[in-house]
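User: I would like to learn how to read the contacts in a structure such as this one, feature by feature. Could you show me the structure and then take my questions in turn?

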Amino acid sequence: MIELRKITHDNFEAVLELSLTDKQKGNVDSSIYCLARAYVRILNDEKPPMIFAICHNDEVIGYVDIGFYELAESSILREKYGDEVTYGLNRFMIDKQHQGKGLGKQAMKKVIGYIKSFPQGKADAVSLSYWMTNAAARGLYASVGFVETGAIWDGQTGGDWNAERKDIEYAEVGARLGL
Ligand SMILES: CC(C)(COP(=O)(O)OP(=O)(O)OC[C@H]1O[C@@H](n2cnc3c(N)ncnc32)[C@H](O)[C@@H]1OP(=O)(O)O)[C@@H](O)C(=O)NCCC(=O)NCCS
């Protein structure tokens with residue numbers, strides 16, 4: 001059974017030990033980075049990200065990091081869909097030993113269920129992004145209802161993406177699920 005569990009003294013080490021294949025390492029920030037970033041947010045009186053250990057039958061198999069965002073007027077989600085507030089899926093991963101067994105999809109359904117409880121306030125949508133070359137992420141998110149927004153940007157610099165560019169490994173695409 002898949003569960004989202006808060007990070008505790010007991011599961012903390014297992015979260016830090018989660019690993020990906022060398023090829024996947026650039027797809028998502030490490031759990032150490034996510035937890036360190038959460039600490040900085042808390043010290044600066046910002047809303048903490050919602051970080052959970054993803055557990056399968058009591059074993060830690062992944063983690064998820066969710067944020068709560070009020071969107072700028074210029075946001076594509078605001079202009080295109082009228083979204084004012086979103087939950088953003090900042091990071092999501094399943095350990096390399098547990099991938100390809102349907103567990104990521106089950107965990108994403110739990111994540112969406114959690115977001116629908118509006119833990120940090122009401123919101124219009126869930127948003128996320130992934131590298132254009134990340135076929136597994138694209139397939140997973142589409143399978144639970146996310147739709148690409150059409151936004152593509154340079155995932156390294158955050159700048160505009162030029163469709164003429166051939167180095168698509170740096171293209172990041174946005175996707176959205178309405179709530
Ligand atoms: C992306 C990731 C979370 C998928 O987790 P998973 O447990 O392996 O996925 P599942 O087995 O639950 O598969 C769910 C769906 O994802 C898609 N999918 C999974 N692996 C895939 C692959 N290698 N290629 C294409 N689609 C894939 C399929 O649509 C699949 O549904 P289906 O089996 O019904 O066709 C996992 O591969 C991972 O952690 N990757 C590295 C980190 C990462 O890229 N995170 C996302 C950052 S945006």
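Analyst: What follows goes through salt bridges, cysteines, nonpolar cores, the ligand surroundings and one loop. This is a predicted model, in which local features need pLDDT of at least 70 and side-chain atom pairs count only at pLDDT 80 or more, while totals for chains, interfaces and linings use all residues. Residues are numbered from 1 along each chain as its sequence is written, and side-chain values use heavy atoms, with hydrogens and water left out.

User: How many salt bridges does the structure hold, and which residue forms one with glutamate 3?

Analyst: A salt bridge here is a side-chain nitrogen of Lys or Arg within 4 Å of a carboxyl oxygen of Asp or Glu. By that criterion the structure holds 11 salt bridges. Glutamate 3 pairs with arginine 5, and their closest N and O atoms are 2.8 Å apart. A network of salt bridges links Glu3, Arg5 and Asp58.

User: Where do such partners sit, and is aspartate 83 buried or exposed?

Analyst: The classes rest on relative accessible area, computed with a 1.4 Å probe on protein chains only: buried means under 20%, exposed over 50%, and partly exposed in between. Glutamate 3 is partly exposed at 26%, and arginine 5 is partly exposed at 27%. In the salt bridge of arginine 78 with glutamate 73, where the closest N and O atoms are 3.5 Å apart, arginine 78 is partly exposed at 23%, whereas glutamate 73 is exposed at 62%. Aspartate 83 forms a salt bridge with arginine 176, the closest N and O atoms being 2.7 Å apart. This pair joins distant parts of the chain, 93 residues apart, with aspartate 83 in the loop between α3 (76-81) and β4 (85-94) and arginine 176 in strand β7 (residues 171-178). Both aspartate 83 and arginine 176 are buried. The element names come from DSSP runs numbered from the N terminus, helices being H or I runs of at least four residues and strands E runs of at least two.

User: How many disulfides does a search of the whole structure find, and why does cysteine 34 not bond to cysteine 55?

Analyst: A disulfide is a pair of cysteine sulfur atoms within 2.5 Å, and the search of the whole structure finds 0 of them. The sulfur of cysteine 34 cannot make such a bond because the closest cysteine sulfur, in cysteine 55, is 16 Å away, which is too far. Cysteine 34 is buried at 1% relative accessible area, and cysteine 55 also counts as buried, at 1%.

User: Which residues touch the most other members of the largest nonpolar core?

Analyst: A nonpolar core is a set of buried Ala, Val, Leu, Ile, Met, Phe, Trp, Tyr and Cys residues joined through side-chain atoms within 4.5 Å. The largest one has 31 residues, and Leu89, Phe92, Met108, Tyr141 and Phe146 touch the most other members. At least two residues each come from β2 (50-56), β3 (59-70), β4, α4, β5, α5 (135-143) and β7. The most, 6 residues, come from α4. A second, separate core of 12 residues includes Val15, Leu18, Leu20 and Ile51.

User: Which residues come nearest to the ligand?

Analyst: A residue is near a molecule if one of its heavy atoms lies within 4 Å of it. Of the 23 residues around the ligand, Phe92, Gly100, Gly102, Gly104 and Asn134 come nearest. A polar contact is a pair of N or O atoms within 3.5 Å; within protein, one must be able to donate a hydrogen and the other to accept it, and residues adjacent in sequence count only if both atoms are side-chain atoms. A backbone N or O atom of phenylalanine 92 lies 2.8 Å from a ligand nitrogen, while a polar backbone atom of glycine 102 is 2.8 Å from a ligand oxygen. For leucine 140, a backbone N or O atom lies 3.2 Å from an oxygen atom of the ligand.

User: What does glutamine 120 touch, and where is lysine 122?

Analyst: Contact means heavy atoms within 4.5 Å. Glutamine 120 lies in the loop between α4 and β5 and is buried, at 18% relative accessible area. Leaving out residues up to four places away in sequence, glutamine 120 touches Lys47, Pro48, Met50, Phe68 and Tyr87, and its side chain reaches the backbone oxygen of proline 48 at 3.0 Å. Lysine 122 is in the loop between α4 (103-115) and β5 (125-131), and at 63% relative accessibility lysine 122 counts as exposed. Apart from neighbours within four places in sequence, lysine 122 is in contact with Phe68 and Val85.
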